[in-house]
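This report introduces one protein model to a reader who has not met it before. Please look over the sequence and the structure before reading on.

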Amino acid sequence: MIESLKKRFGLLGRNISYSFSRGYFTEKFKNENLEGCTYENFDLQDISEFSEIIAHIAEIKGINVTIPYKEEVMPYLDSLSKKAAQIGAVNTIKITKKRKLKGYNTDYFGFKKSIQPLLQPHHQKALILGTGGASKGIAFALQELGISYVFVSRSAKEHTLAYTQLDAATFNDYQIVINCTPIGTSPNIEASPAIPYELFTDKHIAYDLIYNPEQTKFLQQAKAKGATIKNGYDMLVLQAEKSWEIWNK
């Protein structure tokens, strides 16, 4: 049992009614008899509203952060964990007894643990689709796993390929493809990143951070060519449990 009479937790994001976190933690509190704990969505149209939430909710102990605020929230925090500072994105905030806000990144942990069982010796290089806050945690995890990577975005720049540059040579070289964009999330389930899906093979891993739908169009098309596929559900569970550990240590 958690000793405090009331502890509030929540998810910070924009347009997050679909959120995994609220359902997951509400179920967790019920199953583990964590009385007095609640979890809610802080659905903000602008990050400037964040200070108001913190100022007016006395019982708030921890917050998860999702799109599009994983980087934008950082100036509002009092400190960062060493890894969150290295990554440059935050998806977990702990509110201390002195009402100080400390940012952590548990995305990298969830991704690393969930992809490890799929890795074969030939999985040496990865394409990261998207350059937002989520992609930074993924890049950090790949670095820890000894896998080199390159970002893919609409336009090419340093360490970033354009979608239009992806060809057979690229797919031969990079045998992990990770979708860190929101393209394909419900309700827009017919959408998928603009990549040459015909170049996937049974040597490839296609990993999508999206978990709803269970098999995005990205994953379906990669699977049709023999790729090993995985969605973001396990990653979310692992990062959520890591968040809970941080909030209660």
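The text below treats two helices, two pockets, one buried acidic residue and some backbone features.

The model is a predicted one, and every value given here was computed from it.

**Helix 5 and its surroundings**

Helix 5 covers residues 133-145. Its 13 residues should span 18 Å at 1.5 Å a residue, and because the end C-alpha atoms lie 19 Å apart, the model agrees with that expectation. Buried residues in helix 5 are Gly133, Ala134, Ser135, Gly137, Ile138, Ala139, Phe140, Ala141 and Leu142. These buried residues pack against three helices and three strands: helix 3 (82-87), helix 4 (107-115), helix 8 (233-248), strand 7 (125-129), strand 8 (148-153) and strand 10 (176-179). Just after helix 5, Gly146 adopts a positive phi of about 75°.

**Helix 8**

Helix 8, one of the packing partners of helix 5, has 16 residues. From its first C-alpha to its last it reaches 23 Å, close to the expected 22 Å. Met235, Leu236, Gln239, Ala240, Ser243, Trp244, Ile246 and Trp247 are buried in helix 8.

**A buried aspartate**

Asp107 belongs to helix 4. With a relative accessibility of 6%, Asp107 counts as buried, because the limit for that class is under 20%. The Asp107 side chain makes a polar contact of 2.6 Å with the side chain of Lys70. Leaving aside neighbours within four places in sequence, Asp107 is in contact with Lys70, Asn91, Met235 and Gln239. Met235 and Gln239 are among the buried residues of helix 8.

**The two pockets**

The largest pocket holds about 670 Å³ of space. Among its 32 lining residues, Tyr18, Thr66, Ile67, Leu209 and Tyr211 are the closest to the centre. Helix 1 (20-31), strand 3 (60-65) and helix 8 are the elements that each give two or more residues to this lining, and helix 8 gives the most, with 3 residues.

The second largest pocket holds about 400 Å³. Gly130, Thr131, Gly132, Cys180 and Pro182 lie nearest its centre. Helix 5 and strand 8 each supply at least two of its lining residues; the largest share, 3 residues, comes from helix 5.

The table sets out the make-up of each lining by class.

| Pocket | Nonpolar | Polar | Charged |
|---|---|---|---|
| Largest pocket | 15 residues | 14 residues | 3 residues |
| Second largest pocket | 9 residues | 8 residues | 4 residues |

**Backbone features**

Most residues other than glycine have a negative phi, and most peptide bonds are trans. Which residues are joined by a cis peptide bond with omega of about 5°? They are Ile67 and Pro68. Pro68 lies in the loop between strand 3 and strand 4 (79-80), and Ile67 is also one of the residues closest to the centre of the largest pocket. A cis bond with omega of about 10° joins Ser186 and Pro187; Pro187 is placed in the loop between strand 10 and strand 11 (205-208).

Arg99 has a positive phi, near 65°, and sits in the loop between strand 5 (92-95) and strand 6 (101-104). Its relative accessible area is 31%, so Arg99 is partly exposed. His159 likewise has a positive phi near 65°, in the loop between strand 8 and strand 9 (160-162). The relative accessible area of His159 is 61%, which means that the residue is exposed.

How values were computed:
Residues are numbered from 1 along each chain as its sequence is written. This is a predicted model: local features need pLDDT of at least 70, side-chain atom pairs count only at pLDDT 80 or more; totals for chains, interfaces and linings use all residues. Side-chain values use heavy atoms; hydrogens and water are left out. Helices (H or I, at least four residues) and strands (E, at least two) are DSSP runs, numbered from the N terminus. The expected span of a helix is 1.5 Å times one less than its number of residues. Buried means under 20% relative accessible area, exposed over 50%, partly exposed in between (1.4 Å probe, protein chains only). Contact means heavy atoms within 4.5 Å. On a 1 Å grid over the protein atoms alone, a cavity is a set of points where a 1.4 Å probe fits but cannot get out, and a pocket is an open set with protein on both sides within 12 Å along at least five of seven lines; lining residues have an atom within 4 Å of a point. Grid points are joined across faces, edges and corners, and a volume is the space filled by probe spheres set on the points. Ala, Val, Leu, Ile, Met, Phe, Trp, Tyr, Cys and Pro count as nonpolar, Asp, Glu, Lys and Arg as charged, and the others, Gly among them, as polar. A polar contact is a pair of N or O atoms within 3.5 Å; within protein, one must be able to donate a hydrogen and the other to accept it, and residues adjacent in sequence count only if both atoms are side-chain atoms.
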